[in-house]
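Open the model in your viewer and keep the sequence panel visible. This tour tells you what to select at each stop.

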Amino acid sequence: MARQGHLQIDRVSKQFRVSGAPLHVLDAVDLSVAPGEFLTIVGASGCGKSTLLRLIAGLDTAFQGNVILDGQRVTAPSLDRGLVFQEPRLFPWLTVAQNVALGLLNAGLGKAARDRAVSEHIVLVGLDGFQDAYPHQLSGGMAQRAAIARGLVNRPGVLLLDEPLGALDALTRARLQDELQRIWAAEGITMLLVTHDVEEAVYLGDRVVVMAPRPGRIAAVFDVPHPRPRDRSSPALAGLRDQVLAALEATTSGPPPTGMVHIASRPALAEQVFLPAE
Ligand SMILES: Nc1ncnc2c1ncn2[C@@H]1O[C@H](COP(=O)(O)OP(=O)(O)O)[C@@H](O)[C@H]1O
Ligand SMILES: [Mg+2]
């Protein structure tokens with residue numbers, strides 16, 4: 001299998017219909033991702049980040065424009081695009097090894113080759129010794145490592161990660177950021193990572209894409225020219241983080257759409273919930 005991971009997103013627009021009315025979710029998104037690039041994407045909630053990843057994954061083919069991976073138009077899900085979500089989505093009745101092996105379900109490998117690929121990827125994500133554990137025996141970080149192994153086991157050209165570390169505590173998240181970076185370097189894979197954490201986006205990305213909402217579109221793209229390994233606390237990275245944050249804030253700083261209830265005009269939540277009964 002050609003495994004280059006050159007992704008071209010060519011004027012991709014997408015509408016949903018909600019209660020009979022069209023909802024314009026993505027508007028003419030253009031993006032070229034180089035083989036082996038680590039691209040991070042930030043944007044306000046609801047701006048279409050997950051939708052964009054689903055289109056790239058081939059899970060939704062009702063859109064305008066083209067998604068092209070290594071010269072081939074994406075028209076359906078395929079093993080050359082791995083996907084990792086915020087929740088690990090492991091099957092509770094399967095072991096770590098069996099969950100990871102699901103990533104090879106349609107790969108047509110013999111048992112020996114499959115077992116070897118599964119073991120290699122369990123080691124790659126640092127879960128050596130836990131192949132026979134069940135999901136309930138894993139911490140949140142370990143479960144997410146297993147999900148990453150499942151996304152990688154078929155050696156996809158592109159790994160799509162939708163807020164994969166968003167549910168983890170700060171320390172585990174920092175550790176897994178470094179692990180992701182190590183895996184990315186070891187595998188030479190193209191990675192697209194959606195995150196709500198601007199610091200994470202700047203720390204991990206070769207480029208950071210800032211999306212704007214209503215309709216979802218690309219508002220800015222920042223190069224992160226800093227060599228790796230990066231120092232999280234370096235002034236250069238902090239300066240870039242502030243620029244990305246400012247660009248992100250600018251995407252949502254207009255007046256709220258009419259009809260939206262302004263939360264400050266309502267009684268404080270604490271009063272609503274905890275007011276003692278008379
Ligand atoms: N299947 C769907 N049907 C209708 N609307 C949807 C569907 N999926 C997402 N949307 C809407 O599209 C917009 C973008 O959603 P999403 O891509 O999940 O945003 P993000 O991941 O950036 O938070 C939201 O307004 C959401 O409500
Ligand atoms: Mg999302």
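The stops below run from the whole chain to single residues.

**Before you click**

This is a predicted model: local features need pLDDT of at least 70, side-chain atom pairs count only at pLDDT 80 or more, and totals for chains, interfaces and linings use all residues. Residues are numbered from 1 along each chain as its sequence is written, while chains are lettered from A and ligands numbered from 1 in the order in which they are written.

**Stop 1: the whole chain**

Show the chain as a cartoon. It has eight helices and ten strands. These are DSSP runs, numbered from the N terminus: helices are H or I with at least four residues, strands are E with at least two. The chain's radius of gyration is 20 Å, close to the 19 Å that the globule rule gives for 278 residues, so the chain is as compact as a globular protein of that length. That radius is taken over C-alpha atoms, and the globule rule is 2.2 Å times the number of residues to the power 0.38. Along its principal axes the C-alpha trace spans about 65 × 55 × 50 Å.

Now colour by burial. Of the 278 residues, 36% count as buried. Buried requires 20 or more other C-beta atoms within 10 Å of the residue's own; exposed is 12 or fewer, partly exposed is in between, and C-beta atoms are placed from the backbone. Next, consider contacts, meaning pairs whose C-beta atoms, placed from the backbone, lie within 7 Å. Among contacts with a separation of 6 or more, 70% are between residues 24 or more positions apart.

**Stop 2: ligand 1**

Select ligand 1 and the residues around it. On one stretch, pick Gly-43, Ser-45, Gly-46, Cys-47, Gly-48, Lys-49, Ser-50 and Thr-51. Add Phe-16, Val-18, Leu-23 and Val-25. A residue is near the ligand if its C-beta atom, placed from the backbone, lies within 6 Å of it. Which elements each supply at least two residues of this shell? They are β1 (7–18), β2 (21–33) and α1 (49–57). The largest share, three residues, comes from α1.

By class, the shell has five nonpolar, six polar and one charged residues. Here Ala, Val, Leu, Ile, Met, Phe, Trp, Tyr, Cys and Pro count as nonpolar, Asp, Glu, Lys and Arg as charged, and the others, Gly among them, as polar.

Stay on α1. Its buried residues include Lys-49, Thr-51 and Leu-52. Just after α1 comes Gly-58, with a positive phi near 85°.

**Stop 3: helix α4 and the core**

Select residues 140–152, helix α4. This helix of 13 residues reaches 19 Å from its first C-alpha to its last, close to the expected 18 Å. The expected span is 1.5 Å times one less than the number of residues. Eleven of the 13 residues are buried, so α4 is largely enclosed by the rest of the structure. Show its packing partners: β6 (81–84), α2 (96–101), α3 (111–124), β7 (158–162) and α5 (170–187).

Then show the largest nonpolar core, which has 68 residues. Its largest share, seven residues, comes from α4. Such a core is a set of buried Ala, Val, Leu, Ile, Met, Phe, Trp, Tyr and Cys residues joined through C-beta atoms within 7 Å. Val-100, Ala-146, Ala-149, Met-191, Leu-192 and Val-244 have the most contacts inside the core. Zoom in on Ala-149. Leaving aside neighbours within four places in sequence, its contacts include Val-100, His-121 and Ile-122.

**Stop 4: backbone oddities**

Most residues other than glycine have a negative phi, and most peptide bonds are trans. Check the exceptions here.

- Ser-19 has a positive phi of about 50°. Ser-19 sits in the loop between β1 and β2 and counts as exposed, with 5 C-beta neighbours inside 10 Å.
- Arg-155 has a positive phi near 50°. Arg-155 lies in the loop between α4 and β7 and counts as partly exposed, with 19 C-beta neighbours inside 10 Å.
- Arg-214 to Pro-215 is a cis peptide bond, omega near -5°. Pro-215 is in the loop between β9 (207–212) and β10 (217–223).
- Arg-228 and Pro-229 are also joined by a cis peptide bond, omega about -5°. Pro-229 is in the loop between β10 and α7 (235–251).

**Last stop: Arg-207**

Select Arg-207, in strand β9. Then add Thr-40, 167 residues apart from Arg-207 along the chain. Their C-alpha atoms are separated by 6.4 Å.

Terms used:
Contact = placed C-beta atoms within 7 Å.
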